[in-house]
Amino acid sequence: MTELLAALTIFMGDTALKFPEWSPALFSIDFSFLGLGTFHLRWYALGYIAGIGLAWWYGSQLLKRPELFGGTAPLTKDGLDDLMFWIIIGIILGGRLGYILFYMVPYQMDVLAADPMAILRIWDGGMAFHGGIAGVVVVLAWFAIKRGVNLLSVGDIAGVTAPIGIGLVRIANFTNAELYGRPTDAPVGMVFPEGYVPGSTPPAYNWETGDWVYRGDELARHPSQLYESVLEGWLPLLVLSILIWKFGALKRPGLVAGLFLLFYGFGRSIAENFREPDSFVSGLPGWLTMGMILSTPMWLGGAWLVWNALRPRKI
């Protein structure tokens with residue numbers, strides 16, 4: 001039996017996909033001569049930057065075609081510029097506060113008690129997507145009231161552009177060897193580095209040597225970041241874009257925003273079955289994860305928005 005297990009281990013080690021071991025940064029610049037250390041332009045940051053930039057571009061293309069909205073665009077180009085600024089604030093504040101409230105307060109209160117300033121250290125990691133969505137919803141509502149624009153139509157623009165950033169950031173999670181999946185013996189299984197370098201982000205990368213660090217006992221895992229990139233990002237983007245450009249979905253305010261929420265809730269819930277749950281989250285049954293729980297409001301809100309957009313209107 002021991003020999004069989006050893007043979008299976010060797011077989012899996014030979015057949016599992018190998019993590020590509022790209023550097024977490026596109027490039028690095030040494031500013032030590034100025035006493036500033038080294039600047040790393042990380043793929044993770046680029047995912048956010050490119051996602052926001054492409055979202056602005058796509059949104060501006062939609063606004064150039066008022067007929068897509070039934071004759072009148074809900075925003076001007078200057079209005080979109082202002083909105084994108086506040087959306088960035090909503091993503092950062094909402095994402096961080098969401099991580100603190102959903103994960104640190106319930107499960108890592110000892111960390112907060114010992115080091116309250118950890119709340120501010122976003123660069124150490126810790127952003128919750130559901131918190132980011134909540135932050136964006138608050139920003140959209142505030143912006144719509146302040147500017148006197150249609151909240152549902154503005155939400156539709158956010159709904160079709162948000163998947164771009166989600167898809168890119170999930171790919172960046174993959175390049176960071178973080179948020180990987182559960183162990184698997186499927187052909188798609190990949191061996192991710194699971195070592196630990198104190199003070200490093202990502203934790204398995206040694207910036208001094210430029211090497212990924214392995215423990216030596218890693219198992220092949222689902223590359224669930226790529227599943228999420230497709231299910232939460234590229235698939236919703238494709239379907240929603242077809243509905244907008246071919247079927248006039250933006251003429252029913254709230255429909256695209258609602259479908260985006262449903263797409264994300266569905267995609268995240270499916271991906272959670274392959275994604276490794278957070279190690280510090282406890283007390284949940286094996287079939288349920290925190291990601292599934294936090295997606296429930298998205299299911300409910302999305303269903304209401306779709307119903308509201310499609311229900312017959314009194315003439």
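# A guided tour from P202 to helix α9

Begin by selecting P202, which sits in the loop between β4 (190–191) and β5 (205–206); helices (H or I, at least four residues) and strands (E, at least two) are DSSP runs, numbered from the N terminus. The model is predicted, so local features need pLDDT of at least 70 and side-chain atom pairs count only at pLDDT 80 or more, while totals for chains, interfaces and linings use all residues. Residues are numbered from 1 along each chain as its sequence is written, and side-chain values use heavy atoms, with hydrogens and water left out.

**Unusual backbone angles**

With P202 still selected, add T201 and look at the peptide bond that runs from T201 to P202, which is cis, with omega near 0°. Most peptide bonds are trans, and most residues other than glycine have a negative phi. Move next to A177, in the loop between α6 and β4, where phi is positive, about 55°, although A177 is not a glycine. In the loop between α6 and β4 you can also select L179, another residue that is not a glycine and yet has a positive phi of about 55°. Are A177 and L179 buried or exposed, or in between? A177 counts as buried because its relative accessibility is 7%, whereas L179, at 30%, counts as partly exposed; buried means under 20% relative accessible area, exposed over 50%, and partly exposed in between, with a 1.4 Å probe and protein chains only.

**A network of salt bridges**

Now select R170, which lies in helix α6 and which an unreviewed UniProt entry marks as a "binding site"; UniProt positions follow the numbering used here, feature names are shortened, and annotations may be inferred rather than shown by experiment. R170 has a relative accessible area of 8%, and therefore it is buried.

Side chains of opposite charge can pair when their charged atoms come close. Which residue forms a salt bridge with R170? Show E228 beside it, and you will find the closest N and O atoms of R170 and E228 3.3 Å apart; a salt bridge here is a side-chain nitrogen of Lys or Arg within 4 Å of a carboxyl oxygen of Asp or Glu. This pair links distant parts of the chain, since R170 belongs to helix α6 (residues 151–175) and E228 to helix α7 (residues 224–247), 58 residues apart.

Keep E228 in view and add R275, because E228, at 1% relative accessibility, counts as buried and its side chain also meets that of R275 in a salt bridge of 3.2 Å, N to O. Here too distant parts of the chain are linked, with R275 in the loop between α8 (255–271) and α9 (290–310), 47 residues from E228 in helix α7. R275 counts as buried because its relative accessibility is 9%. Then select E272, whose salt bridge with R275 has its closest N and O atoms 3.9 Å apart; E272 counts as buried as well, at 4% relative accessibility. To see the whole group, select R170, E228, E232, R268, E272 and R275, which are linked in a network of salt bridges. By this rule the structure has 13 salt bridges.

**Helix α3 and its nonpolar patch**

Travel to helix α3 (residues 77–107), which gives eight residues to a nonpolar surface patch, the largest share. The patch covers about 930 Å² and is made by F85, W86, I89, I92, L93, L97, L101, V105, M109 and W142. Patches are made of residues with over 30% relative accessible area and no salt bridge, like charges being joined within 9 Å and nonpolar side chains (Val, Leu, Ile, Met, Phe, Trp, Tyr) within 5 Å, and accessible areas come from the Shrake-Rupley method with a 1.4 Å probe, where for residues only the protein chains shown count as cover. Select I92 within α3, which counts as partly exposed because its relative accessibility is 37%.

Follow α3 along its length to a kink of about 30°, centred on I100; a bend is the angle between axes fitted to the seven residues ending at a residue and the seven starting there. The 31 residues of α3 should span 45 Å at 1.5 Å a residue, and the end C-alpha atoms, 43 Å apart, agree with this; the expected span is 1.5 Å times one less than the number of residues.

**Last stop: helix α9**

Finish with α9, where the chain bends by about 25° at T296 and a proline, P297, follows within four residues. The buried residues of α9 include M290, G291, L294, S295 and M298.
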